[in-house]
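Welcome, and take a moment to look over the sequence and the model before reading on. The paragraphs below are meant to be read with both in view.

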Amino acid sequence: MTMNIIEFKNVHYLYSDYEEETIKGIDLCIEKGSFTVVLGRNGSGKSTLAKLTNAILIPTEGEVLINGISTADESKFIDIRSEVGLVFQNPDNQIVANVVEEDVAFAPENLGVPSEEIRDRVTGSLKQVGMYELRKHAPHLLSGGQKQRIAIAGVLAMQPEIIVLDEPTAMLDPQGREDVVNAVTKLCREKGFTVLMITHHMEECIGADRLIVMSDGLIAADGTPASVFSDVEKMESLGLDVPETVRILYDLKKEGFDLPLTSLSTEECAETIIRGNLNKYA
Amino acid sequence: MLKDITLGQYFPSNTVVHRLDPRTKIVLCIVYIICLFQANTWLAYGLVLALTLSVMALSKIRPSAILKGLKPLIIIIALTCLLNLFYTKGTPIREGWPITYEGIERAVQMILRIVLLIAGTFILTYTTSPIELTDGLELLLNPLKRLKFPVHEVSMMMSLALRFIPTLIEETDKIMSAQKARGADFESGNLIQRAKALLPVLVPLFVSAFRRADELAVAMESRCYHGGEGRTRMNPLKMKKADAFAFILGALVLAGFIILRILL
């Protein structure tokens, strides 16, 4: 049986100094252990969606359930926040200590975990993101990708089931971006964490189980990355691009080649083109 | 230029002094300052100097590190020296000269006092990491909680401030470069003109600092921060034998200085 670990029920959110709702009624279920990516333009409400998952924001209408517990239940907010690890965009603004391992220890310290167990959790979390060797370093001397992986280790130390990342790669260079996405993918595939990653980089959606496109506070598309991207006209109408591979296939299709638009990786795409041509000239 | 600031700089090492509990070091630093201000004879000054040098040797701090830290204070030291030199009454070194023998003595003692005061506090910050320092202060000030003084909050604010100093310095450098690229001039003009030129640096710096503070607060809440109540530590501070020994030594030194003061 699959279980919905995150559940949005007709969720609306209105910031107190705004006229218009940022989230205009979202129904969404996320399966345990799945890797979901949320894509959307600036101002589509994707960051608000992230903050709604761990009770930083409480829906103005409707409710968000984490493991069946409503985020509006004030007596449970510590439980919810330790269940949903939230990683933000700017690594500098989420690191609280001058030493890497002290920073990773921050969350378990807040939870009142005994000292020896904190030490174990910190060691474990840092190893999971491949930053154990740098545990004694000062965070401000590390690269963006390394800082972001420390931020991930910082939420792992809470031993959450869900990791929500709000544009974790937006401020990183390509190398840092790759390291962070690889670390997150590994956590989902090998350690069984449920991952919800918000991004505006197409390439980061390819490895996901599910792709949700947000536009103007609503879910505009929802499905596997291949099926969502294959509707090129719809993505364009939402002001979003599609991966290069889908773009090539789409352009070829317009020229009269009968090719499916579901190949996302470069290898798959090449294979599709070759096979398609073979059929044509056979 | 901004990177030269040696504010609260920590030199990691593993000497006896580094391993002492931060609480011990803070208390002993206060004892040291009391002794220093007690000193009014050359003998007492000599003893404080010997004490400072031996702790420096124990903690393997090079004198050049202390001297580097003294550099920004040179004006204050020079001013104190001059004032004492010219405004102390006594026997002039030559008929009609404003400089007196007593003045020279006081000026030298004043310089010694300031230099030793700074050296002492530098030894504390050089051998104690900022986290240890704020943890130590939090525990030392804990009794004040009864008087509703927000001890945990103040210590958290201090450690966050220390954490963000390098980040904000980096940001200041960036903003200054950006403004220079648009023709801002920070180097010429008199003091007032230069202060005015800094305004286009300070405004964006403050705006960004507030935005950072906002994001940091949300990130801290996301990691279950809810005040000092029920918080544990990964490395709880523990007093060891060496700390007891250091306390006894500190008490003896303090007693010695008080006796010296009474006798002489």
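What follows is a walk through chain A, then through chain B, and finally to the place where they touch.

Please keep in mind that this is a predicted model. Chain A has an average pLDDT of 89, and 98% of its residues score at least 70. Confidence varies along the chain: among the elements of chain A, strand S7 (residues 162–166) has the highest mean pLDDT, at 95, while helix H11 (residues 266–281) has the lowest, at 76.

Let us begin with the four-stranded sheet of chain A. This open sheet has the strand order S2-S1-S4-S5, and its pairing is antiparallel. At the edges stand strand S2 (23–31) and strand S5 (69–70) of chain A; each has a single partner strand, so one side of each is left without a neighbour in the sheet.

Inside this sheet, strand S1 (residues 4–13) and strand S4 (residues 61–66) of chain A run antiparallel and are joined by five bridges. You can follow the pairing residue by residue: His12(A) stands opposite Glu61(A) of S4(A), and Glu7(A) has Leu65(A) of S4(A) as its bridge partner. Leu65(A) is worth a second look, for Leu65(A) also stands opposite Ser70(A) in S5(A). S4(A) and S5(A) themselves pair in the antiparallel sense, over two bridges. They form a hairpin with two residues between the strands, where Asn67(A) takes a positive phi near 55°.

Which helix lies across S1, S2 and S4 of chain A? That is helix H1 (residues 46–53) of chain A, which runs at about 125° to S1(A).

Now turn to the six-stranded sheet of chain A. This one is also described as open, with the strand order S6-S7-S8-S3-S9-S10 and mixed pairing. Its edge strands are strand S6 (84–87) and strand S10 (218–223) of chain A, each of which pairs on one side only. From one strand to the next, the twist averages 15°.

A good place to see how these strands pair is S7(A) with strand S8 (residues 194–199) of chain A: the two run parallel and are joined by five bridges. Ile162(A) has Thr194(A) in S8(A) as its bridge partner.

Helices lie across this sheet as well. Helix H6 (residues 144–156) of chain A lies across S6 and S7 of chain A and runs at about 160° to S6(A). Helix H7 (residues 174–191) of chain A lies across strand S3 (35–40), S7 and S8 of chain A, at about 155° to S8(A).

Next comes chain B, where we can look at two pairs of helices. In one pair, the axes of helix H3 (residues 42–58) and helix H6 (residues 101–127) of chain B come within 11 Å and cross at roughly 30°. That angle makes H3(B) roughly parallel to H6(B). H3(B) passes H6(B) in a left-handed crossing. The residues making the contact include Tyr45(B), Val48(B) and Leu49(B) from H3(B), and Leu112(B), Leu116(B) and Ile123(B) from H6(B). By class, this contact has nine nonpolar, three polar and no charged residues.

In the other pair, helix H7 (residues 130–140) and helix H8 (residues 151–181) of chain B have axes that come within 9 Å and cross at roughly 165°. H7(B) and H8(B) are therefore roughly antiparallel to each other. Here H7(B) passes H8(B) in a right-handed crossing. Among the residues in contact are Pro130(B), Ile131(B) and Leu137(B) of H7(B), along with Val151(B), Met158(B) and Leu162(B) of H8(B). The contact of H7(B) with H8(B) divides into six nonpolar, four polar and one charged residue.

Finally, how many residues does the contact take from chain B and from chain A? There are 25 from chain B and 33 from chain A. On the side of chain B that touches chain A, the elements giving two or more residues are H7, H8 and helix H10 (199–222) of chain B. H10(B) gives the most to this side, with eight residues. By class, the side of chain B that touches chain A has 13 nonpolar, five polar and seven charged residues. The helices H7(B) and H8(B), which we have just seen crossing each other, thus appear again among the elements on this side.

Conventions: Residues numbered from 1 in each chain as written. Chains lettered and ligands numbered in written order. Predicted model: local features only at pLDDT ≥ 70, side-chain atom pairs only at ≥ 80, totals over all residues. pLDDT = per-residue confidence, 0-100. Axes fitted to C-alpha atoms, helices over the stretch in contact; angles between N-to-C directions. Parallel < 35°, antiparallel > 145°, perpendicular 65-115°, else oblique. Left-handed = near helix turned anticlockwise from the far one by under 90°. Contact = placed C-beta atoms within 7 Å. Nonpolar A, V, L, I, M, F, W, Y, C, P; charged D, E, K, R; others polar. Pairing = 2+ DSSP bridges.
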